[in-house]
Amino acid sequence: MPERPLPLVLIGPMGSGKTKLGRRVAARLELPFIDTDADVVAAHGPIHDIFAIEGEAAFRAKERAAVAAALRERAVVSLGGGAVLDLETQGDLAGASVVLLHVDARTVAARLGAAGARRPLLDGGGIETWSRIAADRKPVYDALADLVVDTNRGTAAQLTDLICDWWRNDA
């Protein structure tokens, strides 16, 4: 059977594994990997600094530009957790293969650890803030997803296999 459309886009809350799995999936499928958060950082500096100096609205505008460019590519694309809130991004995702990476609060707390303090939207609120943000975004994530992958269980290799098999229509 033919492969699903490109780009293959990974969405989900912070700490769900979008970058780690995105890199692995891209390597397996022999496609470029694009991390839109990394693109924003490369062009504009650290996300935390953008939030602190320019505010969230400025960050979202920069993020939208990076997302729009990435979604024009034949690649595996990892979107920042809040990128899907933009209505134009939601429209752009209609022609893509979208994988939602699900993670629970207990797992993400272990993954983020001290790094969570550098996440501007958590702003010191920890896992309670993460849980609220994830719950608020869940309806958007669910509406956009073609496939939902639970990253609480399984190895990175198993999850990579699952996504690649699905994209190739082998699942």
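Me: What does "buried" mean here, and how much of the protein counts as buried?

Reply: A residue is buried when its relative accessible area is under 20%. This model is predicted. Of its 171 residues, 47% count as buried.

Me: How much surface does the protein expose, and what share comes from carbon and sulfur atoms?

Reply: The exposed area is about 8,500 Å². Carbon and sulfur atoms supply 53% of it.

Me: Which helices and strands should I look for, and in what pattern?

Reply: Start with the totals: 8 helices and 5 strands. Then read along the sequence. The pattern is β-α-β-α-α-α-β-α-β-α-α-β-α.

Me: How do I read a strand such as β4?

Reply: Begin with the general idea. In a regular strand, side chains alternate between the two faces of the sheet. Now take β4, residues 97-102. Of its 6 residues, 5 are buried, so the rest of the structure largely encloses this strand.

Me: Which strands pair with β4, and in what sense?

Reply: β1, residues 8-11, pairs with β4 in the parallel sense, over 4 bridges. Strand β5, residues 147-150, also runs parallel to β4, and 4 bridges join them.

Me: Which residues can I use to find these pairings?

Reply: For β1, find Leu10, which stands opposite Val99 in β4. For β5, find Val149, the bridge partner of Leu101.

Me: How do I read a helix such as α7?

Reply: Check its length. α7 covers residues 126-144, which is 19 residues. From first C-alpha to last, α7 reaches 27 Å, close to the 27 Å expected.

Me: Where does α7 bend, and by how much?

Reply: The bend is at Lys138, by about 45 degrees. A proline, Pro139, follows within four residues.

Me: Which residues of α7 are buried?

Reply: Here is the general idea. An α-helix has 3.6 residues a turn, so residues three or four places apart point the same way. In α7, the buried residues are Thr129, Trp130, Ile133, Ala134, Arg137, Tyr141 and Leu144. Trace them along the helix and compare their spacing.

Me: How many aromatic pairs are there?

Reply: Rings count as a pair if their centres lie within 6.5 Å. By this rule there is 1 aromatic pair. Phe51 and Phe59 form it, at 5.1 Å centre to centre. Their planes stand 40 degrees apart, so the pair is tilted rather than stacked (under 30) or edge-to-face (over 60).

Me: Are Phe51 and Phe59 buried or exposed?

Reply: Phe51 is buried, and Phe59 is too.

Me: What share of contacts joins residues far along the chain, at least 24 apart?

Reply: Count contacts between residues at least 6 apart in sequence. Of these, 74% join residues at least 24 apart.

Definitions and conventions. Residues numbered from 1 in each chain as written. Predicted model: local features only at pLDDT ≥ 70, side-chain atom pairs only at ≥ 80, totals over all residues. Heavy atoms only, no water. Helix = DSSP H or I, 4+ residues; strand = E, 2+ residues; numbered from the N terminus. Expected span 1.5 Å × (residues − 1). Bend = angle between axes of the 7 residues up to and from the residue. Buried < 20%, exposed > 50% of the residue type's maximum accessible area, 1.4 Å probe, protein only. Pairing = 2+ DSSP bridges. Phe/Tyr/Trp six-rings, centres within 6.5 Å; stacked < 30°, edge-to-face > 60°. Contact = heavy atoms within 4.5 Å. Areas by Shrake-Rupley, 256 points an atom, 1.4 Å probe, with all protein chains shown as cover.
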